[in-house]
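User: I would like to check some labels against their cut-offs. Can we go through them one at a time?

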Amino acid sequence: MPDYEEYIEMIKPIWQSHRLTNMGFLHNQLENELKEYLNVPYVVLTTNGHTALEIAIQAMNLEGEVITTPFTFVSTIHAIVRSGLTPVFCDIDPETGTIDTDKVEDLITPRTSAILPVHVYGNVCDVEKIDMIAKKHGLKVIYDAAHTFGERYKERSVVSYGDISILSFHATKIFHTIEGGAVVCRTEDMKNKLYGLRNFGIRSEEIVDEIGTNSKMDEFRAAMGLCNLKKNDTEIQMRKGIVELYKEKLGNISGIDFFREQSDLECNYAYFPVMFDENKLGYNRDFLYDFLKVNGIFARKYFYPLVNDLDAYKDYDLQVDVPVARRISKRVLTLPLYSSLTDEDVDYICSKILSFN
Ligand SMILES: *Cc1c(COP(=O)(O)O)cnc(C)c1O
């Protein structure tokens with residue numbers, strides 16, 4: 001959280017303007033600062049990352065099938081299904097957890113309209129190959145970039161790849177506005193369309209030209225974002241140090257694996273996922289998760305279960321052959337990671353993890 005006094009200063013002008021929401025002064029300022037910070041031409045703020053996905057899908061006029069992965073937060077798949085589309089699940093690459101681009105083309109049918117890959121944990125998808133496949137088959141690309149805030153890949157903002165990227169500014173994300181999100185797009189036309197869709201399709205007082213939703217960000221949350229944006233670089237730096245310490249302590253142990261460090265990526269260290277291989281360690285991920293919990297350490301099974309295995313999808317006929325996603329989903333834990341985590345905390349967490357070795 002930002003400094004209390006700083007936040008109070010930021011929201012004071014609201015008491016003069018009496019403008020609480022509907023694209024107020026702080027909202028516009030945050031949109032502008034984000035364009036600069038992310039180095040992109042258009043940012044459309046939304047009330048959360050999920051509705052950002054829904055309006056992005058609507059704005060792209062998608063139909064039929066959308067190729068994605070089940071190794072993600074439920075929101076990705078819910079957004080596809082709630083938009084009347086069919087998710088088609090592709091397996092993931094074992095080294096990054098992102099969509100396996102060698103398997104995408106086999107899943108393309110005449111009904112496919114888009115690819116919706118996830119930069120899971122901030123690991124960047126193979127954006128070049130995805131771009132190539134999309135061009136070849138005339139498909140749209142929407143990136144679920146909820147985990148990639150502030151990252152650059154090959155000197156370019158990660159959210160500048162694809163037709164559209166969506167971001168989440170939920171309280172649990174590296175940069176947050178309490179609840180919030182954004183759509184990043186490439187053209188003025190698309191920006192205008194998204195502006196309409198996030199505000200009921202209201203174009204002017206008497207003109208409503210789209211069946212939009214309500215996804216506006218209010219002034220209080222924009223103020224939170226303006227405060228948090230100032231310290232985002234420091235947050236990333238501090239997390240980097242923590243991840244390095246974790247890796248030093250847990251690296252070189254047979255059965256404990258990390259995702260590959262990607263070259264050309266300026267990482268945001270939003271998450272620290274670690275895979276635990278029962279065959280080599282003699283205990284499994286679930287055992288370790290429970291053991292850590294008893295010791296006051298709250299790791300998360302991100303992402304388990306796979307979305308296609310959830311009760312919500314039991315009546316859907318989603319043919320899925322995703323052995324890599326299944327394996328990783330059973331082995332992975334994201335370990336505690338936040339800037340105020342001390343070296344002693346990391347020592348304690350690692351000593352518990354290593355107590356069976
Ligand atoms: C958090 C998240 C979302 C949804 O964002 P909200 O702001 O919580 O609505 C979507 N996709 C992924 C991968 C996420 O982690």
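Analyst: What follows covers one loop residue and then the ligand site, in a predicted model.

User: Why is Thr177 called buried?

Analyst: Its relative accessibility is 0%. Buried means under 20%. Thr177 therefore counts as buried. The residue is found in the loop between strand 8 (164-168) and strand 9 (181-185).

User: What is Thr177 in contact with, leaving aside its neighbours within four places in sequence?

Analyst: Leu30, Phe169, Met217, Arg221, Met224 and Gly225. Contact here means heavy atoms within 4.5 Å.

User: What makes the pair Thr177 and Glu179 a polar contact?

Analyst: A polar atom of the Thr177 side chain lies 2.8 Å from the backbone oxygen of Glu179. The cut-off is 3.5 Å, so the pair qualifies.

User: How do you know that Asp144 makes a polar contact with the ligand?

Analyst: An N or O atom in the Asp144 side chain is 2.7 Å from a nitrogen atom of the ligand. A pair of N or O atoms within 3.5 Å is a polar contact, so this one counts. Lys173 also uses its side chain: an N or O atom there is 3.1 Å from a ligand oxygen. Gly49 uses a backbone N or O atom, 2.8 Å from an oxygen atom of the ligand.

User: How much of the ligand does the protein bury?

Analyst: 92% of the 380 Å² that the ligand exposes when taken alone. Helix 3 (49-59) and helix 4 (74-82) each give two or more residues to the shell.

User: Which classes make up that shell?

Analyst: It divides into 10 polar, 2 nonpolar and 2 charged residues. Gly counts as polar in this scheme.

Notes:
Residues are numbered from 1 along each chain as its sequence is written. This is a predicted model: local features need pLDDT of at least 70, side-chain atom pairs count only at pLDDT 80 or more; totals for chains, interfaces and linings use all residues. Side-chain values use heavy atoms; hydrogens and water are left out. Helices (H or I, at least four residues) and strands (E, at least two) are DSSP runs, numbered from the N terminus. Buried means under 20% relative accessible area, exposed over 50%, partly exposed in between (1.4 Å probe, protein chains only). A polar contact is a pair of N or O atoms within 3.5 Å; within protein, one must be able to donate a hydrogen and the other to accept it, and residues adjacent in sequence count only if both atoms are side-chain atoms. Accessible areas come from the Shrake-Rupley method with a 1.4 Å probe; for residues, only the protein chains shown count as cover.
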